[in-house]
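Grab a pencil and work through these exercises with the structure open beside you. Try each task on your own, then read the solution step by step.

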Amino acid sequence: MLSTMMDVPLLLSRVVEYGASAYGTSEVITWTGGEPRRATYAEVGRRVAGLAHALRGLGIDADQRVATFMWNNQGHLEVYCAVPSMGAVLHTLNIRLFPDQLVYVANHAEDQVVVVDHTLVGLLAPLLDRMTTIRHVVVNGPADHSVLAGGGRTVHDYAELIAGMPEAFDWPVLDERSAAAMCYTSGTTGNPKGVVYSHRSNYLHSLTICMSGQLGLGPADRTLPVVPMFHANAWGVPYAALLSGSNLVMPDRFLQAEHLARMIATLQVTRSAAVPTIWTDLLAYLDTHPEADVSSLKDVLVGGSACPPSLIKAFEERFGVNVIHGWGMTETSPVGSVARPPAGLSAEDAWPYRVSQGRLLPGVEGRVIGPDGSEQPRDGQAVGELEVRGPWVAGAYYQDDDPAKFDDGWLRTGDVGSLTSDLYFTITDRAKDVIKSGGEWISSVDLENALMGHPAVLEASVVGVPDERWGERPLATVVIKEGRDVTVDQLREFLSDKVARWQVPERWAFVSTVPKTSVGKFDKKVIRRQYAEGGLDVITRPGPGASG
Ligand code: AMP
């Protein structure tokens, strides 16, 4: 029997219209370094309609791709809203990809238009001649257009393009399963792979993350997505803000701790989302700038790579900020789990839940597959690769039939860990980063978390390197905090009651910074290469065999 309910498609145009009407007075505030730029959601809604008309005027029709090369700001939000709503496909280019990868993804997606921030013109201009499908470049802000011209492209000024355009648009009624946006994965070897989100998947993902058990945004919030809109849709925050009425504070290019601290204080930011390195930097800044006031901040979501438990503790104890750990992937839209503990637990009992990667979101199913291909019990102990499926999980890549990532209707995440009966998931490692030492596995994440708990350590990354006797052994690269000092022997001693003795690394390198990927994660490929090429100053101590 079919239901008697209306068959209304879940479309992003509804999200935009809803935000602009129901929360017309909520604001998007863009940090400029000087006076912040403000616009209400009602104004944004009108400009979004104007932009859609302007893009139609440039010939954008059906599912053509419109790329962005932008920071998190009001203009980017407008493109985010206009392009899918009009039925075209938004492609957020990761400005930090290597030039060849950027050219590859723009050509692979067959982008027709690119909207670029004026401050990024210099980065994009040299690549445009190789981005062969781009016909129009739209510049957001004042810039020299001549460097973008050539190759049959037309260059437009964003403000001029939408000036005088109608302030309403008759949004098409689309199939909710049609493409709304695409994002390419980063950090993998080989070419990036395209994930294509649908209206339905983005709509459901946005609704779900608004829940109080998840990000819990509301109209009284001023939410600061530091995570870029080109990194897995800023974790869904922009659409979630429109649905929930949360104000948005957009950092633009000002991602340094000093600016973030000022943004938080000046604009009374209540929530934020970013990768751990951003919070590590902010914490170091706050330590040396006691005048900085982050008292408005309630909840921050940290994910993208494992959040050191010491970071969660430090923010809570010193600043009263609730750091919420979350896990996700470009392929999962991206939020897959959020580590809010079950209700009614003491702080001590809640702690293991809070440092886990979190409880799977409603709608995301998970299973752990052991090395023999069998599903492991959900007992929080048995370890294997996590596989997920759900309405906002990718079932394939765009024009790429790589079967390695998919297993009979499930996405293979490449993350190794365990699952509990109440669906909390703990990652011990990326499958490719697990260190296999003499037949035993060492979790690089456990070692990193333990090391980053040392008061003198700013950052620590651990990779497996070849070892004649054990096959592989851990190498720790450590960044020491400014003005602090620590020796290898002190760090080994510090680890001795935190991990099994045989897991304590004997290879160490002190570095000024841990190399990062385009989305701010530790770049373990680079560390392994530096080690192999003799580029690290390695200090060694006797291995586990010698020390017993
Ligand atoms: P990306 O598609 O760039 O967002 O990368 C997704 C990958 O980031 C996941 O498969 C994990 O390996 C890693 N990741 C994301 N969140 C976490 C987390 N909270 N803890 C550990 N790893 C994470």
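**Exercise 1. Find how many disulfides the whole structure has, and work out why Cys183 is not in one.**

Step 1: Start with the rule: a disulfide is a pair of cysteine sulfur atoms within 2.5 Å.
Step 2: Search the whole structure with that rule, and you get 0 disulfides.
Step 3: Now look at Cys183. The closest cysteine sulfur belongs to Cys81, and because it is 16 Å away, that is too far for a bond.
Step 4: Check how covered the cysteines are, where buried means under 20% relative accessible area, exposed means over 50%, and partly exposed is in between (1.4 Å probe, protein chains only). Cys183 has 1% relative accessibility, so it counts as buried. Cys307 is buried too, also with a relative accessible area of 1%.

A quick word on what you're looking at: this is a predicted model, where local features need pLDDT of at least 70, side-chain atom pairs count only at pLDDT 80 or more, and totals for chains, interfaces and linings use all residues. Residues are numbered from 1 along each chain as its sequence is written, and side-chain values use heavy atoms, with hydrogens and water left out.

**Exercise 2. Describe the surroundings of the ligand: which residues come nearest, and which strand gives the most to the shell?**

Step 1: Collect the residues around the ligand, meaning those with a heavy atom within 4 Å of it. There are 17, and Gly326, Thr330, Asp415, Arg430 and Lys521 come nearest.
Step 2: Sort the shell by class: 4 nonpolar, 10 polar and 3 charged residues. Here Ala, Val, Leu, Ile, Met, Phe, Trp, Tyr, Cys and Pro are nonpolar, Asp, Glu, Lys and Arg are charged, and the others, Gly among them, are polar.
Step 3: Find the strands, which are DSSP runs of at least two residues (E), while helices (H or I) need at least four, both numbered from the N terminus. E14 (322-328), E20 (410-419) and E21 (424-430) each supply at least two shell residues. E14 gives the most, with 4 residues.
Step 4: Look at the atom pairs. A ligand nitrogen is 2.7 Å from a polar backbone atom of Gly326, and a ligand nitrogen is 3.0 Å from a backbone N or O atom of Gly304. On the side-chain front, an N or O atom of His231 is 3.1 Å from a ligand oxygen.
Step 5: Add the cover. Alone, the ligand exposes 500 Å², and the protein buries 91% of that (Shrake-Rupley method, 1.4 Å probe; for residues, only the protein chains shown count as cover).

**Exercise 3. Is Asp415 buried or exposed, and which side chain does it join in a polar contact?**

Step 1: Locate Asp415 in strand E20.
Step 2: Its relative accessibility is 6%, so Asp415 is buried.
Step 3: The side chains of Asp415 and Trp327 share a polar contact of 2.9 Å. That term means a pair of N or O atoms within 3.5 Å; within protein, one must be able to donate a hydrogen and the other to accept it, and residues adjacent in sequence count only if both atoms are side-chain atoms.

**Exercise 4. Where is the cis peptide bond, and what is the phi of Leu423?**

Step 1: Recall that most residues other than glycine have a negative phi, and most peptide bonds are trans.
Step 2: The cis bond joins Ser333 and Pro334, with omega about 15°.
Step 3: Leu423, not a glycine, has a positive phi of about 70°. You'll find Leu423 in the loop between E20 and E21.
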